[in-house]
There are 2 protein chains.
Amino acid sequence: MSQAYEGPIQDLIDELGRLPGIGPKSAQRLAFHLLKVPAADAMRLADAISEVKRRVSFCSRCFNVSEHEICALCSDSRREDGVICVVEEPRDVVALERTGEFRGRYHVLQGALNPLEGVGPDRLKVKELLARLDPESITEVIICTNPNIEGEATAMYLGRLLKPLGVAVSRLASGLPVGGDLEYADELTLGRAIEQRRSLD
Amino acid sequence: MSQAYEGPIQDLIDELGRLPGIGPKSAQRLAFHLLKVPAADAMRLADAISEVKRRVSFCSRCFNVSEHEICALCSDSRREDGVICVVEEPRDVVALERTGEFRGRYHVLQGALNPLEGVGPDRLKVKELLARLDPESITEVIICTNPNIEGEATAMYLGRLLKPLGVAVSRLASGLPVGGDLEYADELTLGRAIEQRRSLD
């Protein structure tokens, strides 16, 4: 896209274009949308951005998003201590909480290993995870990184790091999605489902 | 999506989700992106939005975006008077300017007729277009709305409105894209290209 617009419009297009998944065409479309809507509507978005940056940061224990020093999940005394679920992003905490299957604590790595993009263990909250094991008497770590290349690599890395420390390490099961159709499953997923087959009791 | 996040994050997700083409999943992804980037980066976006709303509005003559009462294209004395190119949106002005083929004036309708979404002629800058004909001694109106259902309906409507007023009315040509491949053209486009064939001189 050429620099076709006057100052503030081009600035807005540029800023919107920096967002992930927003190409130059989308940025232009969004900018013109914001130009057209009533000022109050556009300002609600601008204010929401500044409010989030002002009020929300990350829990100093689990690195989930939080408005406080320690997040609601870490400070909830009704949750089980000793088991940590390790996830990549705060949205994964929300996804897991929605299942209602896990009542322990979380640890958000804030990413996954990605050597091609220069994301090594030092860019993730790995040493912060290790630092929690003793003080919180962690006995089990469930690695819930995504079932893709980066997530699997992160899981392998963490597994190797954690096992010698005497904690039980497990990984989310891979397999067919519940309600899914065998015919439409990709071969990797189907292969994994066979490999990790469970005996019927 | 459930209301899964704490106050300001959910507010931001909601506001992002109101943008066109941004679904709840994208809104969540964008919100967490903004949470993660340095505050200065996020605030540049917030500021760009408020700057646009503060400084940019629409030209009172052609309804293109403008930082001034009358936009640069309307006040440029080197441009040809008497010919108006009617477009749907400001981005169409930019697209036409890029061709370098048109040196007249523009008029931005700020939309196209869309009865299903309740967009009638009164929602577009139609009477503002009619009001320009006499004072600007307009002799030709080139209708450059999009070659889709809404754009064609708008062109037909404007054509019927303008012809009795004694101005020449023309429409952008439809046909095969230059550099395109006949084999890959959709049948509507190819049909239109046959229908509007030109004799070789």
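In this predicted model, A:Glu89 comes out as buried, because its relative accessibility is just 12% and the cut-off for buried is under 20%. Its side chain still finds a partner: A:Glu89 makes a salt bridge with B:Lys36, with 3.1 Å between the closest N and O atoms. A:Glu89 sits in the loop between S3 and H5 of chain A, while B:Lys36 belongs to helix H2 (residues 24-36) of chain B, so this pair ties two chains together. B:Lys36 is partly exposed, at 42% relative accessible area.

Swap the chain letters and there is another such contact. B:Glu89 and A:Lys36 meet in a salt bridge at 3.1 Å, N to O, reaching from the loop between strand S3 (83-87) and helix H5 (90-99) of chain B to helix H2 (residues 24-36) of chain A. Here B:Glu89 is buried at 12% relative accessibility, and A:Lys36 is partly exposed at 41%.

Over all chains, the structure holds 26 salt bridges. One of them stays within chain A: A:Arg54 pairs with A:Glu51 at 2.9 Å between the closest N and O atoms. The two are about one helical turn apart, because they are three residues from each other in helix H3 (residues 39-55). A:Arg54 is exposed at 61%, whereas A:Glu51 is partly exposed at 26%.

As for the strands of chain A, S3 (residues 83-87) runs parallel to S4, and four bridges join them; A:Val86 has A:His107 as its bridge partner in S4. Getting from S3 to S4, the chain passes through helix H5 (residues 90-99) in a right-handed β-α-β crossover. Along S4 (residues 105-108), A:Arg105 and A:His107 point one way, A:Tyr106 and A:Val108 the other, and all are buried.

Note on methods
Residues numbered from 1 in each chain as written. Chains lettered and ligands numbered in written order. Predicted model: local features only at pLDDT ≥ 70, side-chain atom pairs only at ≥ 80, totals over all residues. Heavy atoms only, no water. Buried < 20%, exposed > 50% of the residue type's maximum accessible area, 1.4 Å probe, protein only. Pairing = 2+ DSSP bridges. Right-handed = clockwise from strand over helix to strand, strands pointing away. Salt bridge = Lys/Arg side-chain N within 4 Å of Asp/Glu carboxyl O.
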